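Hi,

Here is the structure I promised to pass on. Have a look at it first, and then read on for what turned up.

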Amino acid sequence: MMLVQSGTLGLSRFSHIVSTLAILKISVVPLRADAKWVRGQSSISAKQARVVTKFCFDFSSECGGDKQQCPEELTPGVMDFNLSVTKPYDFGTSAPRLYVALLDDEYFSFPEVSQVWGEANCTDVVKASKTALQLDWPQLKKPGGQHLHVPLVEKVRPRWWYIALVSCSNHDVEIAYSMHLSNRRKGWQSEFSMDSMGVLAMTAFFSLIFGVLLIVQLKSARAWQTLSRLGPQWVRTHPALQLLTAATCLSLVSSACWLHNYWHFMKLGESNDISANLARLGANAAKTVMQIILLLLAQGQCVCTPDLVWSDHTQLFIGNSVFGMLSLGLEIWGDSEFWSTTTEFVYDTRPGCILVAFDIYWFYSYASKSYETFSKETAVKPRRFYKGYGLLFGIWFATLPALAALARAVSPWVRFRVVFACSVLAHAVALSVLVHTFRPAVAVELYSLKMHEYEAVNQEELGGLVTSVDDEQEDMI
């Protein structure tokens, strides 16, 4: 018994430590930060161009449209390039004409030429660019390559800029590049694209929220173990409580990984791929588990019938797991540098729309099953649950279609941070409601969690027990 309680307390301490570290991490504001770095090499076919990356730059109304009239310290953004060829070439006396083309999101620049990118030649791309910097071939062949420093002037609004390597020669060329992109007037956030401003603070805030939810859920789990007639063993806790605890842990891990990823980006200007992929994996796993819980509740499991037999719901588990893995794959693809030619929300793409359609199916399944169970049930407790929480939980399934619609409505230079904030907020709210309803003092009025296996207590006794557990837990923390 003491071993199980110690394990629960250990998890509570761990979540408390993670939350404390998150507070300490955001309280230390760096004096400087490097901007986004993009490194790699690209093979450019003859007479063709390739977009390497995109970045949303700030604007400054203090600058006019002429770079010559704007001091560099007032320019909102800056680009630094280091380029070189990866192997020796012998083109005789005819040096190849190579360019770095800078295109923005005005229609007659990148949006227009991108529609015929596969058919466009180098001349079309250079003509559509706002600036085309011709490279010095002899300098490219030197060990240090060629360096370009390009202050950016924009006075109207934030804009997406697309950086393309262009070859107007008759030969294929492979170029190594290192690009440093900065919103220099944004201080410690200078390495972030304008659409990502504030995301670091969001992840820190939600890490604290999920940390608190984990502590609350672990307290609830301990209270249920104390009430259990079978002994305080985790494996004998109701499966719904196990799933909810897993979803809460995964949510905290995901948010903490996002925090580490954006902190790393702020310091070094580069994403930490391991942290980013773990964050996506944790978030999708948590959402999948939450979705399974809600669909089980819609069928009356834990509400009308206390027993939960895993084998009876194999199709539900497999279907949601496949949906979660497909969503994870789509998001990893959408965040890769190969996704450098569009600002479109990944769930507004064709593959994304297919997953949104599946999500709508899950919403229909939840709504229809909930209504069917509510109509057949005559007991007071289940009807109370579906009246009070059925619609609220149903909104969770509408989150993804709503985000896809929202992404189309908002401007591209704020799209990511708006969608990110709304997505994590919906996740946190849904998880908070689930954690709240599964607290013993609340669950006794809503759920049937094999109550014959728990001590029969009245509301006053149960409230006192939960309060005493909370006080003891706080002392241990």
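A quick word on terms before anything else: a residue is called buried when its relative accessible area is under 20%, exposed when that figure is over 50%, and partly exposed in between. F385 has a relative accessibility of 1%, so F385 counts as buried. Please also keep in mind that this is a predicted model.

**The chain as a whole**

The protein chain has 14 helices and eight strands. Of its 477 residues, 51% are buried. If you take the contacts between residues at least 6 apart in sequence, 81% of them join residues at least 24 apart. The accessible surface of the chain comes to about 22,300 Å², and carbon and sulfur atoms account for 60% of that.

**Aromatic rings**

Back to F385, since it has a partner. There are 20 aromatic pairs in the whole structure. One of them is F205 with F206, an edge-to-face pair with 5.3 Å between the ring centres and 70° between the planes. Are these two residues buried or exposed, or something in between? F205 is partly exposed, because its relative accessible area is 47%, whereas F206, at 8%, is buried.

F385 pairs with F393: the ring centres are 6.2 Å apart and the planes meet at 40°, so this pair is tilted. F393 has a relative accessibility of 3% and therefore counts as buried, and F385 is buried as well, at 1%.

There is also an aromatic cluster to look for, formed by F192, W258, Y262, F265, F416 and F420. And one ring has a charge for company: the charged end of R383 sits over the ring of F374, 4.1 Å from the ring centre.

**Salt bridges**

A search of the whole structure gives 11 salt bridges. Here are three that I'd look at.

- E270 and R39: the closest N and O atoms are 2.5 Å apart. This pair links distant parts of the chain, with E270 in the loop between α6 (239-268) and α7 (273-298) and R39 in strand β1 (residues 36-44), 231 residues apart. E270 counts as partly exposed because its relative accessibility is 30%, and R39 counts as partly exposed at 47%.
- K130 and D104: here the closest N and O atoms are 2.7 Å apart. K130 is in the loop between α3 (122-128) and β5 (131-134), while D104 is in strand β4 (residues 98-104), and the two are 26 residues apart. K130 is partly exposed, with a relative accessible area of 40%, but D104 has a relative accessibility of 1% and so counts as buried.
- D348 and R408: the closest N and O atoms are 3.5 Å apart. D348 lies in the loop between α8 and α9 and R408 in helix α11 (residues 399-409), so this bridge ties together parts that are 60 residues apart in sequence. D348 is buried, with a relative accessible area of 7%, whereas R408 is exposed, at 55%.

Which residues are joined into one network by salt bridges that share partners? They are D104, D105, E106, K130, E154, R157 and R159.

**A loop residue: T343**

D105 from that network also comes up with T343: the two are 238 residues apart in sequence, yet their C-alpha atoms are 9.9 Å apart in space. T343 is found in the loop between α8 and α9 (350-376), and D348 lies in the loop between α8 and α9 too. What does T343 contact, leaving aside its neighbours within four places in sequence? The list is K54, W160, Y162, P412 and R415.

**A patch on the surface**

Last stop is the outside. I318, V322, M325 and L326 make a nonpolar surface patch of about 390 Å². L326 is in helix α8 (residues 314-334). With a relative accessibility of 48%, L326 counts as partly exposed, because that class covers values between the 20% and 50% limits.

Happy looking!

Methods: Residues numbered from 1 in each chain as written. Predicted model: local features only at pLDDT ≥ 70, side-chain atom pairs only at ≥ 80, totals over all residues. Heavy atoms only, no water. Patch = residues over 30% accessible without salt bridge, like charges linked within 9 Å, V, L, I, M, F, W, Y side chains within 5 Å. Areas by Shrake-Rupley, 256 points an atom, 1.4 Å probe, with all protein chains shown as cover. Salt bridge = Lys/Arg side-chain N within 4 Å of Asp/Glu carboxyl O. Helix = DSSP H or I, 4+ residues; strand = E, 2+ residues; numbered from the N terminus. Buried < 20%, exposed > 50% of the residue type's maximum accessible area, 1.4 Å probe, protein only. Contact = heavy atoms within 4.5 Å. Phe/Tyr/Trp six-rings, centres within 6.5 Å; stacked < 30°, edge-to-face > 60°. Lys NZ or Arg CZ within 6 Å of the ring centre and 35° of its normal.
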